[in-house]
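Here are some exercises to work through with the structure open beside you. Try each task before you read its solution.

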Amino acid sequence: MESISLWQGLALCGIVSWIVISSSLNVTRKLRTLVQPWVSHHVITGTPMILQIQKYQHGFLDALFSGLSCVVSVPFYTAFLPLLFWSGHGKLARQMTLLMSLCDYSGNCIKDVVSAPRPRCPPVRRIIATKDEQENALEYGLPSSHTLNTVCLSGYLLHYVLSYTQSEDASLKFAGFAVVCLIVCLTGLGRIYLGMHSVIDIIAGLAVGFVILAFWLSVHNHVDSFIVSGQNVTTFWAALSLLLLFAYPTPELPTPSFEFHTAFDGVAFGIVAGVQQTYHQFHHESVPRIFTPQLTVLAFLGRMLVGIPTILIVKYCSKALAKWILPIVSNTLGIPIRSTSYIPMLKGSVTGKKTGEIKQSGYIKKLPVFSSQCSFDVDTGIRFLQYSGLAWSVVDLVPLLFSYLRL
């Protein structure tokens, strides 16, 4: 107990120290000054290669790469992970959720630190087929999040499948590796073809993805052991999640990246808190798994019909509850707050300021001990609680409904 508390305290103190040091020394701006011109130069000089690739424009390629970008996007993984939990592969689901959260945080931090532009359109032709892609286009370019996420998640999935099957067949391993490499290559090529990224963005996505994957493969078992049987898990993760909100860098101009991070930060916390409480009930290694007599495909479809509407209802209720509770708590504690989108009556305090500027204007400086910041953006807390509630329902409330319905 003492050693666990010690490392938890050291980890949190380390993050607080980084927040203080990076804020006082203006680390983000200094790093941006060093890196941004070099990256921007490569984005400009890489434009002819993008145009060369786009010469092969075809309706089939437009549909192929647009579809692939949806399949490897964060919203797809967010929708896919609950089904993975309900299929009985709880360890894989929680590991991929936390890995996705790490990828999202790391990738978005680098994007906003570097603040490098995407390829200029025109002359580059940019294909945006979905609302998700419209939001992605508002972010900075380097690194390519789609490439980074695909490297990490497909690589970890291959590792899990090979470990789960315990196959020693070299041809099977080679085939799995070849499929992963093909998906990664098509994803990177597709991001260039769609005009969303330069070659330098793809290279950075590959490099960062391989580093994160190697790191995760070395620590994932320790992380999982801590979540399912550690001490102070929920308290520690709540503190960690809060500090990561403050530690997020301020971009050169406003982007949606911080909102994406806040949502997945909440998802990770909800998953950890829910699994830690209900591991021995619903998430241990002996639970029924899909394609077995204990969990048939028909029963799994029943789980989907019950689970998906339930988590959507919880998401809506969590948001409504947070919008009601947080202003009351803040007023009770005397904490000045504002809202940029969720609470209309609080929008008056941001008159004359850009919405994105308020959302991301120096979250590091919002710590009371460091700053004279006049108010806090309550939307961040609402978004965090909304997605925490959604994730908690996936691993706690919905499995409880399954047990009552004998699904």
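**Exercise 1. Place Ile 328 and find what surrounds it on the surface.**

Start with the helix: Ile 328 sits in H13, residues 297-333. Helices here are DSSP runs of H or I with at least four residues, and strands are E runs of at least two, numbered from the N terminus. Before going on, note that this is a predicted model, where local features need pLDDT of at least 70, side-chain atom pairs count only at pLDDT 80 or more, and totals for chains, interfaces and linings use all residues. Residues are numbered from 1 along each chain as its sequence is written, and side-chain values use heavy atoms, with hydrogens and water left out.

Next, the exposure: Ile 328 counts as partly exposed because its relative accessibility is 42%. (Buried is under 20% relative accessible area, exposed is over 50%, and partly exposed is in between, with a 1.4 Å probe and protein chains only.)

Last, the company: Ile 328 belongs to a nonpolar surface patch with Leu 321, Trp 324, Ile 325, Val 329, Leu 333 and Ile 335, and together they have about 640 Å² of accessible area. (Patches take residues with over 30% relative accessible area and no salt bridge, joining like charges within 9 Å and nonpolar side chains, Val, Leu, Ile, Met, Phe, Trp and Tyr, within 5 Å. A salt bridge is a side-chain nitrogen of Lys or Arg within 4 Å of a carboxyl oxygen of Asp or Glu. Areas come from the Shrake-Rupley method with a 1.4 Å probe, and for residues only the protein chains shown count as cover.)

**Exercise 2. Work out how confident the predictor is, and where.**

Take the whole protein, then its parts. The average pLDDT (the predictor's confidence in each residue, from 0 to 100) is 83, and 91% of the residues score at least 70. Among the elements, helix H10 (residues 199-229) has the highest mean, 92, and helix H14 (residues 355-360) the lowest, 40. Over residues 350-372, pLDDT stays under 50.

**Exercise 3. Look for disulfides and check two cysteines.**

A search of the whole structure turns up zero disulfides, taking one as a pair of cysteine sulfur atoms within 2.5 Å. For Cys 70, the nearest cysteine sulfur belongs to Cys 121 and is 18 Å away. Cys 152 is in no disulfide either, with the sulfur of Cys 103 at 3.4 Å. Cys 152 counts as buried because its relative accessibility is 0%.

**Exercise 4. Find the unusual backbone spots in the loops.**

Try the prolines. The bond from Cys 121 to Pro 122 is cis, with omega near -10°, and Pro 122 is in the loop between helix H6 (90-114) and helix H7 (131-137). Leu 142 and Pro 143 are also joined by a cis peptide bond, with omega about 0°; Pro 143 lies in the loop between H7 and helix H8 (145-165).

Now look at phi. Phe 291 is not a glycine, yet its phi is positive, about 70°. Phe 291 lies in the loop between helix H12 (257-283) and H13, and counts as exposed because its relative accessibility is 67%.

**Exercise 5. Which residues does Thr 147 contact, leaving aside its neighbours within four places in sequence?**

Go to helix H8, where Thr 147 lies. Thr 147 counts as buried because its relative accessibility is 1%. The contacts (heavy atoms within 4.5 Å) are Thr 187, Gly 188, Arg 191, Ile 202, Gly 205 and Leu 206. Thr 147 and Gly 188 are 41 residues apart along the chain, with 5.7 Å between their C-alpha atoms.
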